[in-house]
Amino acid sequence: SQGNGGQSTWSSCTCGAGFYRLVAQDFAEDKCQTCPPGLTCHGDARLEPKINGSNWTVGVAIFRLHSCPTGHYVSPKSTEAFVAAQQSCLPCGVGEECTLNSSCVTCTACRPGFYKDTVGAEACKACPEDTYRETAGASQLDDCLRCRDYHPSSSTQGNDGQSTWSSCACGAGFYRLVAQDR
């Protein structure tokens, strides 16, 4: 009850720092809950997200994280066991991103032609000019393959973010035969 003596009901009590309490109709559900790492808790029902843009709602007796801002995902993941006290928005890992503005739930692999070499909220970067990447999930610049590995004069003609080797055009005086098995 935070120093207010003589309280006559449990509903007038608050929990200590690091906990929250949602006054529920069912007394069995009305208890102090451990504050998840994605919130700052003050012992009552105030909701203060640590990451701006995270979407929390009040459940029966818990705060529930539904989505995170761009570049983050909801933890624990939907494939993991749900534990209310572990909910938070975490930045996407290397080789992945979430660019859905304020409704990110999971991170997805960088699309072909892009890479991301750090853990963080930023989007994947385009493979530079004269390189390409055919598969998703590149986690470093070296995953972008160089056109000149096919021929010293081949290039992407100033384009970045290329997703196929056929983006590498032959230089003047050269041509390419496309084999059926490529």
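**Cysteines, bonds and a pocket**

Me: Why does cysteine 68 count as buried?
Reply: In this predicted model, cysteine 68 has 0% relative accessibility. Buried means under 20%, so cysteine 68 gets the label.

Me: And what makes its partner, cysteine 89, buried?
Reply: The relative accessible area of cysteine 89 is 8%. That is under the 20% limit, so cysteine 89 is called buried too.

Me: How do you know that a disulfide joins cysteine 68 to cysteine 89?
Reply: The test is a pair of cysteine sulfur atoms within 2.5 Å. Here S to S is 2.2 Å, so the pair passes. The link is left-handed, with -90° about the S-S bond. It ties together distant parts of the chain: cysteine 68 sits in the loop between β6 and β7, while cysteine 89 is in strand β8 (residues 88–91), 21 residues apart.

Me: What makes cysteine 35 and cysteine 41 a disulfide?
Reply: Their sulfur atoms are 2.1 Å apart; the limit is 2.5 Å, so this pair counts. With 75° about the S-S bond, this link is right-handed.

Me: Why are both ends called buried, cysteine 35 and cysteine 41?
Reply: Cysteine 35 has 15% relative accessibility and cysteine 41 has a relative accessible area of 8%. Each value is under 20%, so both qualify.

Me: What about cysteine 127 and cysteine 144, how do you know that they form a disulfide?
Reply: Their sulfur atoms lie 2.0 Å apart, which is within 2.5 Å, so it's a disulfide. This one is left-handed, at -70° about the S-S bond. Cysteine 127 is in the loop between β12 (125–126) and β13 (131–132), and cysteine 144 is in the loop between β13 and β14 (145–146), 17 residues apart. By the distance rule, the count for the chain comes to eight disulfides.

Me: Why is cysteine 170 too far from cysteine 168 for a bond?
Reply: The closest cysteine sulfur, in cysteine 168, is 9.1 Å from the sulfur of cysteine 170. A disulfide needs 2.5 Å or less, so cysteine 170 stays out.

Me: What makes cysteine 170 partly exposed?
Reply: Its relative accessible area is 28%. Partly exposed runs between 20% and 50%, so that's where cysteine 170 lands.

Me: Which elements give two or more residues to the lining of the largest pocket?
Reply: The pocket holds about 170 Å³ of space. Its 14 lining residues include Arg64 and Val74, both among the closest to its centre. The elements in question are β6 (63–67) and β7 (72–75), and β6 supplies the largest share, three residues.

Technical notes:
Residues numbered from 1 in each chain as written. Predicted model: local features only at pLDDT ≥ 70, side-chain atom pairs only at ≥ 80, totals over all residues. Heavy atoms only, no water. 1 Å grid on protein atoms, 1.4 Å probe; cavity = no way out; pocket = protein on both sides within 12 Å on 5 of 7 lines; lining within 4 Å. Points joined across faces, edges and corners; volume = space filled by probe spheres on them. Helix = DSSP H or I, 4+ residues; strand = E, 2+ residues; numbered from the N terminus. Buried < 20%, exposed > 50% of the residue type's maximum accessible area, 1.4 Å probe, protein only.
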